[in-house]
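Colleague: Before I rely on the labels attached to this model, I would like to hear how each one is justified.

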Amino acid sequence: MTNAALERASFRVLLKGYRVRADLTQEELAEGSGVSVRAISDMERGIAKSPQRRTIEALATPLSLTDEELTGLQKAARQGRTPSPGIHKAHPIGVLPADVDDLTGRERDLDALRALSADLCDGRRRSGRVAILSGPPGTGKTTLAVRAAHDLAGEFPDGRLFLKLRGMSAEPANPADVLHLILRSLGVDAVRIPADPEDRAGLCRSLLRDRATLIVLDDAAGEAQVRPLLVGGPRCLTLVTGRQMLVGLECASRLPLDVFSEHDAIALLSAIVGADRVTRERRAALELVELCGRLPLALRIAGNRLASRPAWPLTRLVDQLRDRGRRLTTLTAGDLDVRSVFELSYRQLSPDAATVFRRLSLVPAADFPVGAAMTLVEAADEDDAAVFLEELADASLLQTSQENGRYQFHDLLRVFATERLALEESPEVVAAAEKRLTGWLVRTATAAGRYFHPTDGVSPLPVATPSFGDHTGAGRWLEVELKNWLAAVKSAAARGDHRPVLDLAESMHWYSEIGGTASVWYDVFELAVNSAIALGSKRDEAVHRNYLSWVQASLRDRAEEAIRMARLAWDAAVEAGDPREQGWARVYLTSAHARDTSPELFDEAARLFGEAGYPLGVHVARTMRASYWYRTGRFADAAEEFDVCVRYFAQEHGGTRTPVDDTNYAFVLLRSAQNLAALDAPDRALTQCETALALFRRHGAAMGQARALQETGRFLRRQGDHATAHRRLSEAEELYERIGLTQAQIDTLGERAAVADEMGDPESARADRERARGLGDRLGGLP
């Protein structure tokens, strides 16, 4: 180390450097010098800055110091005893608040701050480090900053300052006044402090240039308030806490704080109320932390209330928190109050952003797109609405979602927004906003569903919307917006808006083979049946009873209910005089009957579709007739019929080919492949299965993928490729479980067990059969 470097280095840095060079632990240095381990630790952490001369001389021998190094170490110790020129003893201004004993869940953030502190040891830095701790109200930003300041005390021997900026108050601190406090804390007499704010900042920078000081700027209002206060020198660390992200500040590290994980939330609750109490009521504790939104402040309030009432079971507080209308009132303990903390941020919003915040509580799901906000406030376009959403995000009252272009509410903030909506807006205004939102969601979902209609010359063509431009965007919108549009169609039905309900349900039929779940489609088509009955439309009743029959047979394994619904659809279609829906009723009846169906039904369905001028329906009926011939052993007849149907579904039929054109084609290929295998053409059968699987995967059709994987697994087993067959059947079983096709899952487990037996793995085979039996028992108990 050069002479100049020796002069700049503090005593603690020199001591630790010499010990590391000598390859000694603190314990070994203590043993060789006679100085206690505690004293050496205090010196290296900067707590003991100026040890006595004899102590330093005792350390010199085991450290193998040269005369020059010993002199430099003694000089550094003397400098620790002498105040800086022109600076008086620091005033007790900006003293750190007390640390908390039960801080949890912020270990990674503390590590990040320690890394920033360690970076200050790099002598090449020309300025200090700045870290911005931002996040929703109640996430513990100040608590984390205080803990970091206490933990890093040894790294900043020249002091730590805690300065309240009161950013959320009606009168935030003036930067000039804060600079005055910093100078007083550094020991400058009040009479020597310049009047001009820029001169104050300059003096601060001069005094902090060579000091290792940690500064906490708590509760910042914005960049304009903080920027003049960034006066730390190269050895200083400034921690800024605030709800704003302060995106305008350059060269700052950012630590956005979120709510706790379930594990950390339980850990904090246990620290406050006692681990035994939480363990005894584990289920209640898990529900409690979720009702608190895993928000640190809410958890601390709930924990304090329970700690002050040791006789209370956790379930008592859980029962109170379940009532959304009382939840924020319940989350009050002394001067800790979640609602008041939220109000501080809310009062800082512009009027338009505040309106958006309140009305977003009407969105059914936790996350939403810009279009929802645009509709709620009748903005001119999405760009205008996005400005308000960004203001809310900057204020940490909304968070950006993992899905691009979407935002989400914390649950307690949603409760608060609901309260503000009821207090500040009339019921008529709220009802109108909710109706606009519901209408927009239903219309957009209907338009999205039409992107998945086949090019059959009958189904309505898609209509472009600003929300998406093609079937890929439409499918993604339907997936991420599922909770919202499903809640919207239920709301429309309850309000008596029956025609939009019917339009949405009819648009979804073909998409339902690609996305969604059995419960979703049962709800949608049942709502549509009820709307059709309410309107007295027999044609619509037939359409949606047919769809319900498909759900019961294909997605819910309920053949008897599917048969009943298909017969009701037939009756409605006959009364409406609609041959197309009569044809579909026959198709769904045969699907539900499966092996026990009457062959004449296929002929009748094909005739009815022909009468309706509906070639797609004709070829669906012919495909099902070919499948029936396959099941009854008429393989040659089935092959001829399948060839006709495969050619039809492979062709273009006008317009841009849609995902459903491909999935319809893929389903025909799968059925044909079964017949080819029976005709001893395994290679062609496997090729058709692989082609079908690729088409299903291209369009994310989960049910089709599962069936193709299952069929491919069967063919591969017959060909002796047991390892690949086992993998394919495992993929199929996982998909069936996800979409809720229990009987198909049972069948697949049985097939996989047989493969495991043939692979010489009886334990896996036994496990699969036991699981299949368990699912069968459960299926038998379902209503």
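The conversation below takes some helix pairs, a strand and two loop residues in turn.

Modeller: A word on the basis: this is a predicted model, in which local features need pLDDT of at least 70 and side-chain atom pairs count only at pLDDT 80 or more, while totals for chains, interfaces and linings use all residues. Residues are numbered from 1 along each chain as its sequence is written, and side-chain values use heavy atoms, with hydrogens and water left out.

Colleague: Why is α29 called roughly antiparallel to α30?

Modeller: The axes of α29 (residues 559-576) and α30 (residues 579-593) come within 8 Å and cross at roughly 165°, where axes are lines fitted to C-alpha atoms over the stretch in contact and angles run from 0 to 180 degrees between N-to-C directions. Angles over 145 degrees count as roughly antiparallel, so α29 is roughly antiparallel to α30.

Colleague: Which residues make the contact of α29 and α30, and how do they divide by class?

Modeller: Among them are Ala559, Ile563 and Trp570 of α29 and Gln582, Tyr588 and Leu589 of α30, contact meaning heavy atoms within 4.5 Å. The residues of this contact divide into 12 nonpolar, 2 polar and 3 charged, with Ala, Val, Leu, Ile, Met, Phe, Trp, Tyr, Cys and Pro counted as nonpolar, Asp, Glu, Lys and Arg as charged, and the others, Gly among them, as polar.

Colleague: What makes α37 roughly antiparallel to α38?

Modeller: Helix α37 (residues 722-739) and helix α38 (residues 742-758) pack at an angle of about 160°, with their axes 9 Å apart, and that angle therefore makes α37 roughly antiparallel to α38. By class, their contact has 6 nonpolar, 5 polar and 5 charged residues.

Colleague: Which side chains of β5 are buried, and which are not?

Modeller: Along β5 (residues 253-256) the side chains alternate, with Ser253 and Leu255 pointing to one face and buried, whereas Arg254 and Pro256 point to the other and are not; buried means under 20% relative accessible area, exposed over 50%, and partly exposed in between (1.4 Å probe, protein chains only). Arg254 is also the bridge partner of Ile132.

Colleague: Why does Arg166 count as partly exposed, and what is its phi?

Modeller: Arg166, in the loop between β2 and α9, has 43% relative accessibility and therefore counts as partly exposed. Its phi is near 50°, a positive value in a residue other than glycine. Most residues other than glycine have a negative phi.

Colleague: How do you know that Arg294 is partly exposed?

Modeller: Arg294 has 24% relative accessibility, so Arg294 counts as partly exposed; this residue lies in the loop between α14 and α15.

Terms used. Helices (H or I, at least four residues) and strands (E, at least two) are DSSP runs, numbered from the N terminus. Angles under 35 degrees count as roughly parallel, over 145 as roughly antiparallel, 65 to 115 as roughly perpendicular and the rest as oblique. Two strands pair if DSSP finds at least two bridges between them.
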